[in-house]
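Hi,

Here is the model I promised to pass on. Have a look at it first, and then read my notes below.

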Amino acid sequence: MRALGGYLLTGGGDPLTGEFKGLEHERLFAARGRVVFLVDPALAEAAAAWREVYIRGLGARATGIVVLRGRATAHDRTLAQKLAQVPLVWLAGSEPGRILADLKDTPLARALSAVVAAGGTVGAFGAASGLLGATAALIRGERFAFDYGLALLSGVVALPEFDRPAAFEALAEATAAQPDLVGLGLPRGAAVWIDARGEGRVLAGRAARLVATGARVEGASLLGLSVDLLAAGARFRVPVYQSGA
């Protein structure tokens, strides 16, 4: 039976820190040593270093780097077809707003969904984790903003770097604004796995799960919000909505 694919979201980190080395090795092993890094231009050099870490330290057999240079790259159907056949793709970028604008509603974004549908893994480091949900979290300096996301996780709004000031308030308000979504707060050191059926598990650190189906606003107060702080090993569910496309 083919393994069920899924998404691996993190609150921060990159392969050079070794913070998630065990998880990365596990995912690479499941992918039979094949991995591609999908990054924005600002992380092109870093991705080259990550590639060396995977080859020399984790035993990768086949590696690749795709630098997202605008929507022309994301609309390259030949590239998208090749990416869809890779069993492990890591998404990362220092300019999440730019990645979102370039990827949204493109063949390359649909290729990421195809990776998971085929039983593979799409992982995201730090800020990129906030792009995968129906609502995207964008960290801009000390401020948080939200926009329509890639909707690869159609029932989620995820906020990485959740240990930053005002992060809880930002995620609470975003979740309450769309109570059909589950909010996930991911501080640095946290990692969660969510499979294609919406079954989630905390793999490292602790993650916050916010549900606003019973919430109501009274003046400046938000009442009835449900919040769980989940430690490694805890399981949870998120909604899965089918695209109308």
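Start with helix α2, residues 44-57: its 14 residues reach 20 Å from the first C-alpha to the last, close to the 20 Å expected at 1.5 Å a residue. Bear in mind that this is a predicted model.

Which residues of α2 are buried? They are A47, W50 and Y54. Looking down the axis of α2, you'll find these buried residues within an arc of 55 degrees, so they line one face of the helix. That fits the usual geometry: an α-helix has 3.6 residues a turn, so residues three or four places apart point the same way. On the face of α2 turned away from the buried side sit E45 and R56, both exposed. As for what the buried residues of α2 pack against, the partners are α1 (21-30) plus the strands β2 (34-39), β3 (62-67) and β4 (88-92). Just after α2 comes G59, with a positive phi of about 80 degrees.

Now the sheet. Eight strands make up an open sheet with mixed pairing, and the order is β3-β2-β4-β5-β1-β10-β11-β16. The edges are β3 and β16 (235-237); each has a single partner strand, so one side of each is left without a neighbour in the sheet. On average, neighbouring strands here are turned by 20 degrees against each other, ignoring direction. If you want one pair to check, try β4 and β5 (residues 121-124): they run parallel and are joined by four bridges. L88 has T121 in β5 as its bridge partner.

Helix α1 lies across a good part of this: β1 (6-10), β2, β4, β5, β10 (191-195) and β11 (199-204). Its direction is at about 140 degrees to that of β4.

Last, the interior. In soluble globular proteins, nonpolar side chains tend to be buried together. The largest nonpolar core in this model has 44 residues, and L38, L103 and L132 have the most contacts inside it. Helix α6 (residues 107-117) gives the most to this core, with five residues. Apart from that core lies another, of 22 residues, with A31, W90, F125 and W193 among them.

What does L103 touch, leaving aside its neighbours within four places in sequence? It is in contact with L38, L68, R71, A74, L91, L108, A109 and L150. L38 is thus on that list and is also one of the residues with the most contacts inside the largest core.

Cheers

Notes: Residues are numbered from 1 along each chain as its sequence is written. This is a predicted model: local features need pLDDT of at least 70, side-chain atom pairs count only at pLDDT 80 or more; totals for chains, interfaces and linings use all residues. Side-chain values use heavy atoms; hydrogens and water are left out. A nonpolar core is a set of buried Ala, Val, Leu, Ile, Met, Phe, Trp, Tyr and Cys residues joined through side-chain atoms within 4.5 Å. Buried means under 20% relative accessible area, exposed over 50%, partly exposed in between (1.4 Å probe, protein chains only). Helices (H or I, at least four residues) and strands (E, at least two) are DSSP runs, numbered from the N terminus. Contact means heavy atoms within 4.5 Å. The expected span of a helix is 1.5 Å times one less than its number of residues. The arc is that of the directions from the helix axis to the C-beta atoms. Two strands pair if DSSP finds at least two bridges between them. Axes are lines fitted to C-alpha atoms, for helices over the stretch in contact, and angles run from 0 to 180 degrees between N-to-C directions.
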